[in-house]
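User: Please take a close look at the charged side-chain pairs in this model and set them in the context of the whole fold. A single connected account would suit me best.

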Amino acid sequence: VRLSFAAASLAALCVAASPAAAFVPNNQPSVRSSTPLGVTTTTLSETATSFDLDAYLMSKKGPIEAALEASIVSVGPQTEKICESMLYSLMAGGKRIRPVLCLAAAEMFGGTEEQSMPTAVALEMIHTMSLIHDDLPSMDNDDLRRGKPTNHVVY
């Protein structure tokens with residue numbers, strides 16, 4: 001269910017001409033309206049284009065993964081083990097929905113991937129941290145995540 005909601009949210013962000021238009025069902029008749037400031041809005045059915053969600057997700061995954069890997073760099077022997085541990089969990093795979101939604105929202109409002117990538121990486125780091133904590137013995141005490149030993153088991 002979470003993926004469906006995230007996918008629907010991403011599609012709405014990428015296709016909508018305005019935030020209000022994202023919530024208009026496609027089967028509604030097309031309506032143009034003007035706001036007091038003279039901004040013309042249209043319904044989603046007028047602005048909908050061919051959108052391939054899988055292709056969009058895949059096009060963002062590579063740059064996100066590269067930015068994630070580049071974000072964890074050991075600066076000396078004292079930090080090598082913790083950086084290795086962080087990269088182990090951070091690069092364990094996943095859909096990367098959270099950073100993709102961040103990039104899509106930035107694009108929707110005129111931002112660039114370069115501007116929004118640090119925030120996208122931070123979101124994925126926070127999510128990964130929550131998974132590491134959830135797997136700890138005092139929480140769920142899981143030994144595997146995505147078929148691999150969890151961070152506390154390896155490190």
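Analyst:
**Salt bridges and their setting**

E107 and K60 form a salt bridge in which the closest N and O atoms are 2.6 Å apart; the term denotes a side-chain nitrogen of Lys or Arg within 4 Å of a carboxyl oxygen of Asp or Glu. This is a predicted model, in which local features need pLDDT of at least 70 and side-chain atom pairs count only at pLDDT 80 or more, whereas totals for chains, interfaces and linings use all residues. Residues are numbered from 1 along each chain as its sequence is written, and side-chain values use heavy atoms, with hydrogens and water left out.

The pair links distant parts of the chain, since E107 belongs to helix α5 (residues 97-108) and K60 to helix α3 (residues 53-71), 47 residues apart. Helices (H or I, at least four residues) and strands (E, at least two) are DSSP runs, numbered from the N terminus. The two partners differ in exposure: K60 is buried, at 10% relative accessible area, while E107 is partly exposed at 33%. Here buried means under 20% relative accessible area, exposed means over 50%, and partly exposed lies in between (1.4 Å probe, protein chains only).

K60 also meets E113 in a salt bridge, at 3.1 Å from N to O. Because K60 lies in helix α3 and E113 in helix α6 (residues 113-135), this pair ties together parts that are 53 residues apart in sequence. E113 is partly exposed, with a relative accessibility of 27%.

A further salt bridge joins D134 to R145, with 3.7 Å between the closest N and O atoms. D134 is in helix α6 and R145 in strand β3 (residues 144-145), so parts 11 residues apart in sequence are tied together. D134 is partly exposed at 26% relative accessible area, and R145 is likewise partly exposed at 26%. Through shared partners, salt bridges join K60, E107 and E113 into one network. The whole structure contains six salt bridges.

R145 also has a place beside an internal space. It is among the residues nearest the centre of the largest cavity, together with S89, A92, D135 and N151, in a lining of 13 residues. The elements that give two or more residues to this lining are α4 (80-90), α6 and β4 (148-149), and α6 supplies the largest share, four residues. The space in the largest cavity is about 130 Å³, and the count of cavities of 30 Å³ or more is two. On a 1 Å grid over the protein atoms alone, a cavity is a set of points where a 1.4 Å probe fits but cannot get out, and lining residues have an atom within 4 Å of a point. Grid points are joined across faces, edges and corners, and a volume is the space filled by probe spheres set on the points.

These elements belong to a protein with seven helices and four strands, which follow the pattern α-β-β-α-α-α-α-α-β-β-α along the sequence. Of the 155 residues, 29% are buried. Among contacts (heavy atoms within 4.5 Å) between residues at least 6 apart in sequence, 53% join residues at least 24 apart.

Methods. 1 Å grid on protein atoms, 1.4 Å probe; cavity = no way out; pocket = protein on both sides within 12 Å on 5 of 7 lines; lining within 4 Å.
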